[in-house]
Amino acid sequence: MTQVDAKRRGQIQQAPENFLTQDAIADLNKNGMDDTRRGFMRNGFMAALGSAVGLSASVNALASSEGDPAILEKQVWQTTLGKNVATMPYGTPSIYEANLIRRESPGLTRVSAASVAFTPLQGLFGIITPNGLHFERQHQGWYNIDPEMHRLMVNGLVKHNRVFTMNDLMRLPSVSRIHFIECGANTGLEWGNVAVPTVQYTHGMLSCCEFTGVPLSVLLEECGADLKKGKYLLAEGGDGSGMTRTINLDDVLNDAIVAWGMNGEMLRPENGFPLRLVVPGVQGVSWVKWLRRLEVGDMPYATKDEAVHYNDLMPDGLARQYTSIQECKSVITTPSGGQQLLDKGFYNVSGLAWSGRGKVKRVDVSFDGGNNWRMARLETPVLTKALTRFNIDWVWDGSPAILQSRAIDETGYVQPPIKLLRDARGTRSIYHNNAIQSWKIDLNGEVSNVQVG
Ligand SMILES: Nc1nc2c(c(=O)[nH]1)N[C@H]1C(S)=C(S)[C@@H](COP(=O)(O)O)O[C@H]1N2
Ligand SMILES: [Mo]
């Protein structure tokens, strides 16, 4: 294992990211993951983690400044020529950050080009997801679409059917707003009590960016949409998956964007270049990528992506449909599963909170599995339908602990414990699990995924 694999930040050691042995990965690929595998996952993970612990002993001792060559001796970068600016015309992260990448979960099978790659939440700061680390969910792979060949058609209950080129669209008045996007299936494995080991895999179908584009309301006005009769929008993607979703205009007319920009540059191809729908607060699947058509209608369209998929199977065998809004949720990202606290003492416990219904109002953190709660500090900016960063001071006394965060949004909605959610929704759902996440800290400082309450 190289230094890059087992990374240390402060007094927290990040486990090697390839936490499963080759045997375990082969087994998972063959047999998949189900609810009986929770124990297995943890064992495989801990076996892999064992190999990292040796290293932690050597990095554990704080370098004493006396005799420390890092401060006493001139380093090579102080005494030689650096690289020319022209060697890197488009910037990339430091090689020492090489383990911070999107990753596919070993327990989820990639079917042809249908795949998902998770954002490494454990390594990010603040609320913005860098473009290269935005999660990816493709129903049929991604494309490099020539923007000159891309068109957006608007039809249905509109006075004028229109076809826009990218140049037409980019002449219109634009806005830039920061919003989170979360796949409805994020944290889905927890329904079945499957303990995926890191926050990257429990919560990493989540990102937050500044999106730029023309407000949907402006575009619809431009086409003379009948918004008295037209309460729904059909959004269609240009990829081979035939992704089509009904959007409830009441939910999004105020803040939806037909977007081309992401964090100050054009969308990345894997995120929908050159055009995607941004529907703040609504589950990721409705953020249709490679957007090619919008139809205004007076009824939901019951497309395959909402009649067959993206339903919540309830305990009585019936399914919830059109459950679009991502309810208030939070998760502690540091410390989180797969990390190890190297010593007793002070920790800055940090995490993310969000709500599809507006702003986050408060986040409470528990260190004893939900018996006692303390209010965390919300860092600014606290924006509507965006990730909000929270921090809280903690002194670890070396005894086992269970860390949880509980978010409350401006509607007064409180993030539920997993038991409450299961009582209402059963265990057969895949989507919309916004339960409180628990991280257990062992005597030796190892952090693992557990379910409590
Ligand atoms: N055209 C199209 N749009 C799509 C998808 C897709 O496969 N094709 N995937 C959807 C799903 S399920 C999610 S969660 C989000 C993911 O967006 P991202 O890949 O930019 O993270 O895009 C949605 N939009
Ligand atoms: Mo999704």
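How many Å separate an oxygen atom of ligand 1 from a polar backbone atom of arginine 137? The distance is 2.9 Å. This value, like the others in these legends, comes from a predicted model.

**View 1. Backbone atoms meet ligand 1.**
Start at arginine 137, where a polar backbone atom lies 2.9 Å from an oxygen atom of ligand 1. Move on to histidine 139. One of its polar backbone atoms is 2.7 Å from an oxygen atom of the ligand. Tryptophan 287 also takes part: a backbone N or O atom of this residue lies 3.2 Å from a nitrogen atom of ligand 1. How much of ligand 1 does the protein cover? On its own, ligand 1 has 530 Å² of accessible area, and the protein covers 100% of that.

**View 2. A shell of residues surrounds ligand 1.**
Count 22 residues around ligand 1. The closest are Phe135, His139, Asp239, Arg276 and Lys289. Which strand gives the most to this shell? Strand E4, residues 136–138, does, with three residues. The shell is mixed in character: nine of its residues are nonpolar, seven are polar and six are charged.

**View 3. The largest cavity is the space taken by ligand 1.**
Take ligand 1 away in your mind, and the space it takes is the largest cavity. Rolling a probe the size of a water molecule over the atoms shows where empty space is left. The volume here is about 220 Å³. The lining has 20 residues, and those nearest the centre are Arg137, Arg276, Gly284, Trp287 and Lys289. Strand E4 supplies the largest share of this lining, three residues. By class, the lining holds nine nonpolar, six polar and five charged residues.

**View 4. The second largest cavity has a volume of about 70 Å³.**
The structure holds five cavities of 30 Å³ or more. The second largest of them has a lining that includes Thr187 and Glu190. Further along the chain, Ile418, Asn433, Ala435 and Ile436 are also among the lining residues. So are Gln437, Ser438, Asn449, Val450, Gln451 and Val452. Sort the lining by class and you get five nonpolar residues, six polar and one charged.

**View 5. The second largest pocket holds about 390 Å³ of space.**
Its lining has 24 residues; Arg9, Gln122, Phe125, Thr334 and Gln339 are the closest to the centre. Which strands each supply at least two lining residues? They are E1 (7–9), E2 (12–14) and E19 (345–354). Strand E19 gives the most, with four residues. The lining divides into six nonpolar, 12 polar and six charged residues.

**View 6. Two prolines follow cis peptide bonds.**
Thr334, one of the residues closest to the centre of the second largest pocket, is joined to proline 335 by a cis peptide bond. Omega is about -5° there. Proline 335 is in the loop between strand E17 (329–334) and strand E18 (339–341). Now find threonine 380. A cis peptide bond joins threonine 380 to proline 381, with omega about 0°. Proline 381 lies in the loop between strand E22 (377–378) and strand E23 (388–396).

**View 7. Tyrosine 310 has a positive phi.**
Phi is near 60° at tyrosine 310, a residue other than glycine. Where is tyrosine 310? Look in the loop between helix H9 (304–307) and strand E15 (312–313).

Note on methods. Residues numbered from 1 in each chain as written. Chains lettered and ligands numbered in written order. Predicted model: local features only at pLDDT ≥ 70, side-chain atom pairs only at ≥ 80, totals over all residues. Heavy atoms only, no water. 1 Å grid on protein atoms, 1.4 Å probe; cavity = no way out; pocket = protein on both sides within 12 Å on 5 of 7 lines; lining within 4 Å. Points joined across faces, edges and corners; volume = space filled by probe spheres on them. Nonpolar A, V, L, I, M, F, W, Y, C, P; charged D, E, K, R; others polar. Near = heavy atom within 4 Å. Polar contact = N/O pair within 3.5 Å; in protein donor to acceptor, adjacent residues only side chain to side chain. Areas by Shrake-Rupley, 256 points an atom, 1.4 Å probe, with all protein chains shown as cover. Sits in = over half its atoms within 2 Å of the grid points.
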